[in-house]
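Q: Could you walk me through this structure, starting with how to read it?

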Amino acid sequence: MLKSTDAMDANNSVQFNFDNSFARSLEGFFKPCQPEPSSSPKMLQFNHALAKELGLDPVMLDSEAGLAIFSGNAIPEGSEPLAQAYAGHQFGGFAPQLGDGRALLLGELIDTRQQRRDIQLKGSGRTPFSRGGDGKAAIGPVLREYLVAEAMHTLGIPTTRALAAVTTGDEVYRHSALAGAILTRVAASHIRVGTFQYGATRGDVDKVRALADYAMARHYPETISAENPYLAFFEAVANAQAALVARWMTVGFIHGVMNTDNMTISGETIDYGPCAFMDRYAPGTVFSSIDRQGRYAYANQPAILSWNLTRLAETLIRFVDSDQDKAIKLLTESTEGVQAIYETHWLNGMRAKIGLLKEDPQDLDLINDLLWVMEDGKADFTLVFRRLSQALHGDSAPVQQLFNQSGAFDVWTRRWKKRLEQNGVTAEAGAQAMDGVNPIYIPRNHKVEEALTAANQGDMAPFSKLLEVLAHPFDEIKGNEAYTTPAPATDRRYQTFCGT
Ligand code: AMP
Ligand code: MG
């Protein structure tokens, strides 16, 4: 597996201190597997800050030693590479065996905040779960995932992270030959709703129980001592995912493939394929070329959240109560409660976006009316919220200009200002709080495309600049205006592709 003695020497000096609990505890949910070597790897991007957070040596990793590991040419000490098994509902249809077809878990480590994190290579070659695929990834999708994951992180939204992106020096074949690349991904874990489905569909009760026990201990230890631990576990996952989807909705994020294999038990966003941020507010927005029915459209995401959680609940029935009817009743009550939990998270998020510090029964109407006015006025989602704070300071023009015609918006603004006064929120405090939650910089689709196109031609400068801008999404900086605006209007609808 090692390419050269250089790589081996280098490898010897990188310490990960792996502690591989998944491999130890969950026999049957993975297959050991080695990465395929890369012919002439090059580092594209390395995340120093994340390496430090993980307790790793950034200098050592951002060198030949790290490159050998990130390209699959060297296996660090203590790593037990494995491909995880999972099933999943894809666009509503059940696939009993998916699994890591192009990813490998190198191992787990305990980070500087005592959190257990998975270190995974994505795009490192075929695995026992590759089916017809090549197990590889191309530079575009790898950099896209790097960028959007890091943007989500700086927005404060739970997400897997990107530690490194490398090119392999080998070609991958999609519509044409593309530069092969590997992403090193970091996650609280890679356990998905689909991991539970994988065990359940095989009828292996003990294995599903072991998986649940493992996930509880790793992600929701407080549920172990609950009166009904497995029900509490389900509700903890439901709450985490509901909070997550609410965060997506408040920034206009469309995941694009909310299949059950792409929903984590930890509540982190995972698998940035055809995802994108919405420009003008239109609830039916779909970017993914494969989502022809709009199943995963922006406004459908909360309903899909419940649908996916119901699939998880189905795998837990026998652990919730020995009386099946009673277990189903309890889990049904919990799944039916998901939308209310989601709405609470969403409403709190939206309240903050319009500067409301206290709750009022009228808030839902006020927020929904703004969204309606935005839809009707074809206004940019991100900019409306950001520019609202200026209106508080008496400068209404920047936000008004975002609407096709601002009459209905002006009426709404008067209601909103009255509501803020009732709450005793000063313009200063309101505006400051709003700017802290409403980003000025999001990964605008045309900017992402521009960065990826340049990277494909060997120029990483636009990518680096975009990454730098997105590192501080709430701090408006002079000179970065080009990163704030939606793409100039064209006849063509923006489309994203899965990149597989
Ligand atoms: P995703 O679109 O990343 O959610 O992947 C869906 C499923 O397809 C997962 O089981 C992946 O491992 C698998 N897959 C995607 N791309 C490839 C590929 N190039 N080679 C093998 N398996 C793949
Ligand atoms: Mg996936």
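A: What follows goes through the model, its ring pairs, its ligand and a few single residues.

Q: What kind of model is this, and how are residues numbered?
A: This is a predicted model, in which local features need pLDDT of at least 70 and side-chain atom pairs count only at pLDDT 80 or more, while totals for chains, interfaces and linings use all residues. Residues are numbered from 1 along each chain as its sequence is written, chains are lettered from A and ligands numbered from 1 in the order in which they are written, and side-chain values use heavy atoms, with hydrogens and water left out.

Q: How many aromatic pairs are there?
A: The structure holds 21 aromatic pairs, where rings of Phe, Tyr and Trp (its six-membered ring) pair if their centres lie within 6.5 Å, and planes under 30 degrees apart count as stacked, over 60 as edge-to-face and the rest as tilted. One of the pairs is formed by phenylalanine 22 and tyrosine 214, which meet edge-to-face at 5.9 Å centre to centre with 90° between the planes.

Q: Why does that pair tie together parts of the chain?
A: Phenylalanine 22 lies in helix α2 (residues 21-25) and tyrosine 214 in helix α8 (residues 205-219), so the pair ties together parts that are 192 residues apart in sequence. Helices (H or I, at least four residues) and strands (E, at least two) are DSSP runs, numbered from the N terminus.

Q: Are those two buried or exposed?
A: Both phenylalanine 22 and tyrosine 214 are buried, where buried means under 20% relative accessible area, exposed over 50%, and partly exposed in between (1.4 Å probe, protein chains only).

Q: What about tyrosine 146 and phenylalanine 463?
A: Their ring centres are 6.0 Å apart and their planes at 70°, so this pair is edge-to-face. Tyrosine 146 is in helix α6 (residues 139-154) and phenylalanine 463 in helix α19 (residues 461-470), so the pair ties together parts that are 317 residues apart in sequence. Tyrosine 146 and phenylalanine 463 are both buried.

Q: Which residues do ring pairs link into a cluster?
A: Trp248, Phe253, Tyr272 and Phe277 are linked into a cluster by ring pairs.

Q: Switching to the ligand, how many residues surround ligand 1?
A: There are 18 residues around ligand 1, and the closest are Gly99, Gly101, Arg102, Asp134 and Gly135; a residue counts as near if one of its heavy atoms lies within 4 Å.

Q: Which atoms of ligand 1 come up beside arginine 102 and aspartate 134?
A: An oxygen atom of ligand 1 is 2.7 Å from an N or O atom in the side chain of arginine 102, and a nitrogen atom of ligand 1 is 3.0 Å from an N or O atom in the side chain of aspartate 134. For glycine 135, a backbone N or O atom lies 2.8 Å from a nitrogen atom of ligand 1.

Q: How much of ligand 1 does the protein cover?
A: The protein covers 87% of the 480 Å² of accessible area that ligand 1 has on its own, with areas taken from the Shrake-Rupley method with a 1.4 Å probe.

Q: Which residues have a positive phi?
A: Among them is asparagine 17, with a positive phi of about 50° although it is not a glycine; asparagine 17 lies in the loop between α1 (5-12) and α2, and is exposed, with a relative accessible area of 61%. Aspartate 271 also has a positive phi, of about 65°, but is buried, with a relative accessible area of 14%.

Methods
A polar contact is a pair of N or O atoms within 3.5 Å; within protein, one must be able to donate a hydrogen and the other to accept it, and residues adjacent in sequence count only if both atoms are side-chain atoms.
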